[in-house]
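The following exercises are meant to be worked through with the sequence and the model at hand. Each task is followed by a solution in steps.

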2 protein chains.
Amino acid sequence: MKIRILCTGRLKERFYTEAAAEFSKRLSRFCEFEILELPDEKVPDDPSPAQIEAVKRTECRRMEEKLGAGEYVIALDPRGKQLSSEELSEAFSDAMLRGRSRITLLIGGSHGLTQEIRGRADLVLSFSRMTFSHQIFRIMLLEQIYRAFKIMNGEPYHK
Amino acid sequence: MKIRILCTGRLKERFYTEAAAEFSKRLSRFCEFEILELPDEKVPDDPSPAQIEAVKRTECRRMEEKLGAGEYVIALDPRGKQLSSEELSEAFSDAMLRGRSRITLLIGGSHGLTQEIRGRADLVLSFSRMTFSHQIFRIMLLEQIYRAFKIMNGEPYHK
C-alpha cells in the first residue's frame, strides 16, 4: 500500500521535524510512505481576500499537478466530514480493496485549500472544529495514519 | 490569569517534551501557566473492564484531590462538546470575567476520565471524533490554549 502526504510549506520547529521523522519511520513498517513538501507562496502582511485567493490558487495548482489517475485523494479541511480513527482506518482499507494505486492526503498552506481541489478529492476530511497550525496538524495526521494501520492490523495502541 | 493542565502520566518522547516546553514558554507571556503531571497506574496486558475502571478511578481521584473551589474545570473527553478555537477563547474570557480563580484543564491517562470527574467539570470539551495518544494530545491542547490567548489579544497567528 502506498500512502503519501502532499503539503505546502516546511516544518520549521525542530520538534516537529523530529516527530515527523519518527512517525515516518514507524509507518514504513506498514506501507510505502512519502511526504512531499511543495513551496508555499509569500503572503503579504494584512492581505486582501483577493491576495489570499491568489496564493491558495497557486499553491493548490502545484498540488494538482502532482496528482495522478487512480489515486484516492483525501483533502484535509475543517469544513469536511469528521470520522473516528476506526472509520478512517476503514476508508484506507476500502480504497485499497477497490484497487486504488495510492492514497494521497492533502494539507494546504496557511490559508487552506481551494474549492477546486476539495472538489477533486474523494473525501474531504475534518479532524476538528478547531484551527491548528499546519505544522502541528502534520504530526496529528501522521499519528492518525499510524493509528489507522495499527487498527487494520489489530495491534494494540495505547491511547 | 492562571491556567493549569492536570494530567496523568509523563511525556516519553523527547520531541513532545520539547514542544511542551516551547509552548509553556510562549504561554508565560500571557498567563501564570503550570502543568501538573500525576502518576499513572500500571494497566495489565489485556485488562478486564473492571481493571480499567479501577485504574481510571484511582487516577481521577488523584486529580480531584488537586481541584480547589472557584476553579473553572474543563475536562477533555471525546464525548464532550466541540468548540471552535474562537469559542474556546471566549470560554476562557468568560471564566475570567466571572471571577474564577483559575482555569484547570484535565487530560486523563490511557483510558480517559471517569464519569464522576466529567460531572464535576464546568465544561466537557472534545477536540475531535478521533482518538489521539495522550502525549500528542497534550501538545494539541497547549497549541489551542496559546491560540486562545492570541485570539483574545487580537494578535495574528498564522494557521
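**Exercise 1. The interface**

What area is buried between chain B and chain A, and what percentage of it do carbon and sulfur atoms give?

*Solution.* The model is a predicted one. Step 1: about 3100 Å² is buried between chain B and chain A, and carbon and sulfur atoms give 54% of this area. Step 2: on the level of residues, 34 residues of chain B are in contact with 34 residues of chain A. Step 3: the rule finds six salt bridges across this interface, and it also finds 19 residue pairs in polar contact there. Step 4: on the side of chain B that touches chain A, helix 1, helix 3 (85–97) and helix 5 of chain B each supply at least two residues. Helix 1 of chain B gives the largest share, eight residues. Step 5: sorted by character, the residues on this side of chain B are 14 nonpolar, ten polar and ten charged.

As a further example of a salt bridge, consider B:Arg14 and A:Glu18, whose side chains meet at 2.8 Å, N to O.

**Exercise 2. Salt bridges within chain B**

Determine which parts of chain B are linked by the salt bridges of B:Glu37, B:Glu155 and B:Asp77.

*Solution.* Side chains of opposite charge can pair when their charged atoms come close. Over all chains, the structure holds 40 salt bridges.

Step 1: B:Glu37 forms a salt bridge with B:Arg10, at 2.6 Å from N to O. B:Glu37 belongs to strand 2 (residues 32–38) of chain B, while B:Arg10 lies in the loop between strand 1 (2–8) and helix 1 (14–27), and the two are 27 residues apart. B:Glu37 is partly exposed at 26% relative accessibility, and B:Arg10 is exposed at 59%.

Step 2: B:Glu155 pairs with B:Arg29, with the closest N and O atoms 3.0 Å apart. Because B:Glu155 lies in the segment after helix 5 (134–152) of chain B and B:Arg29 in the loop between helix 1 and strand 2, this salt bridge ties together parts that are 126 residues apart in sequence. B:Glu155 is partly exposed, with a relative accessible area of 25%, whereas B:Arg29 is exposed, with 55%.

Step 3: B:Asp77 and B:Arg118 meet in a salt bridge of 3.3 Å, N to O. This pair joins strand 3 (residues 71–82) of chain B, which holds B:Asp77, to helix 4 (residues 115–120) of chain B, which holds B:Arg118, across 41 residues. Both B:Asp77 and B:Arg118 are buried.

**Exercise 3. A network in chain A**

Which residues are linked with A:Arg4 in a network of salt bridges?

*Solution.* The network links A:Arg4 with A:Glu34, A:Glu71 and A:Arg102.

**Exercise 4. Cysteines without a partner**

Why does B:Cys31 form no bond with the closest cysteine sulfur?

*Solution.* Step 1: a search of the whole structure finds zero disulfides over all chains. Step 2: a disulfide requires two cysteine sulfur atoms within 2.5 Å. Step 3: the closest cysteine sulfur to that of B:Cys31 is in B:Cys7, at 15 Å, and is therefore too far for a bond. Step 4: B:Cys60 is likewise in no disulfide, the nearest cysteine sulfur being that of B:Cys7, 12 Å away.

Are B:Cys31 and B:Cys60 buried or exposed? B:Cys31 counts as buried at 10% relative accessibility. B:Cys60 is buried as well, with a relative accessible area of 1%.

Terms used: Residues are numbered from 1 along each chain as its sequence is written. Chains are lettered from A and ligands numbered from 1 in the order in which they are written. This is a predicted model: local features need pLDDT of at least 70, side-chain atom pairs count only at pLDDT 80 or more; totals for chains, interfaces and linings use all residues. Side-chain values use heavy atoms; hydrogens and water are left out. Buried means under 20% relative accessible area, exposed over 50%, partly exposed in between (1.4 Å probe, protein chains only). A salt bridge is a side-chain nitrogen of Lys or Arg within 4 Å of a carboxyl oxygen of Asp or Glu. Helices (H or I, at least four residues) and strands (E, at least two) are DSSP runs, numbered from the N terminus. Contact means heavy atoms within 4.5 Å. Buried area is the accessible area (1.4 Å probe) that two parts lose on being put together, summed over both. A polar contact is a pair of N or O atoms within 3.5 Å; within protein, one must be able to donate a hydrogen and the other to accept it, and residues adjacent in sequence count only if both atoms are side-chain atoms. Ala, Val, Leu, Ile, Met, Phe, Trp, Tyr, Cys and Pro count as nonpolar, Asp, Glu, Lys and Arg as charged, and the others, Gly among them, as polar.
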